[in-house]
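The following questions and answers explain how certain descriptive terms are applied to a structure. Each answer sets a value against its definition.

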Amino acid sequence: MTVSAMYPGTFDPITLGHEDFVRRAAKLYDKVVVAVAADTGTKKTMFSFDERVELAQQTLADIDNVQVTGYAGLTIDFALENGLAVIVRGLRAVSDFEYEFQLASMNRHLTEEVETAFLTPTDKYTFISSTLVREVASLGGDVTEFVSPRVREALLQKVGRN
């Protein structure tokens, strides 16, 4: 039995924490679809939808069983339409738990065909978030330890420090 999973998110931008998470999920599932969400209206992104998809594709290109694609609409609908049995989500801190629990419960209410699985980050990536990385870059800080070289270059261009 093959089990395919998806890892949804805005990935604005994709960080080393995301990359580590995907590499770990790729060891657990036969196929992992990194699903880059279109703008939801609630989150204002620094990078365009196409840029976020491209940066994720470049960052994860060396992992054979990982596919990166963009999507719009409900995550659960994307999972069902693409035969993805599991939505993999990350829990960095206790503060993530309540939101993620609500999301998993809503998805289960919408369909019982897709399960949610939670992974915790590798210790050295626990504090990294795309929001903090964008803020550090915008304020002139060094983001080398938080993102791949290609993402760092794209961030510096976005904030006008190339």
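A residue is called buried under 20% relative accessible area, exposed over 50%, and partly exposed in between (1.4 Å probe, protein chains only). This is a predicted model, in which local features need pLDDT of at least 70, side-chain atom pairs count only at pLDDT 80 or more, and totals for chains, interfaces and linings use all residues. Residues are numbered from 1 along each chain as its sequence is written, and side-chain values use heavy atoms, with hydrogens and water left out.

Q: Why is Glu153 called partly exposed?
A: Glu153 has a relative accessible area of 42%. That value lies between the limits of 20% and 50%, so the term partly exposed applies.

Q: What makes Glu153 and Arg150 a salt bridge?
A: A salt bridge requires a side-chain nitrogen of Lys or Arg within 4 Å of a carboxyl oxygen of Asp or Glu. The closest N and O atoms of Glu153 and Arg150 are 3.8 Å apart, so the pair satisfies the rule. Both residues lie in helix H6, 3 residues apart, about one turn of the helix; helices (H or I, at least four residues) are DSSP runs, numbered from the N terminus.

Q: Why is Asp96 called buried, and why is Arg92 called partly exposed?
A: Asp96 has a relative accessible area of 17%, which is under 20%, so Asp96 is buried. Arg92 stands at 39% and therefore counts as partly exposed. The side chains of these two residues, Asp96 and Arg92, meet in a salt bridge at 3.7 Å, N to O.

Q: How do you know that H2 and H6 are roughly antiparallel?
A: The axes of helix H2 (residues 49–60) and helix H6 (residues 149–158) come within 10 Å and cross at roughly 155°. Such axes are lines fitted to C-alpha atoms, for helices over the stretch in contact, and angles run from 0 to 180 degrees between N-to-C directions. Angles under 35 degrees count as roughly parallel, over 145 as roughly antiparallel, 65 to 115 as roughly perpendicular and the rest as oblique. The crossing angle is over 145, and H2 and H6 are therefore roughly antiparallel to each other.

Q: What ties Lys158 to Glu51?
A: Lys158 forms a salt bridge with Glu51, their closest N and O atoms being 3.1 Å apart. Lys158 lies in helix H6 and Glu51 in helix H2, so the pair ties together parts that are 107 residues apart in sequence.

Technical notes:
Helix = DSSP H or I, 4+ residues; strand = E, 2+ residues; numbered from the N terminus.
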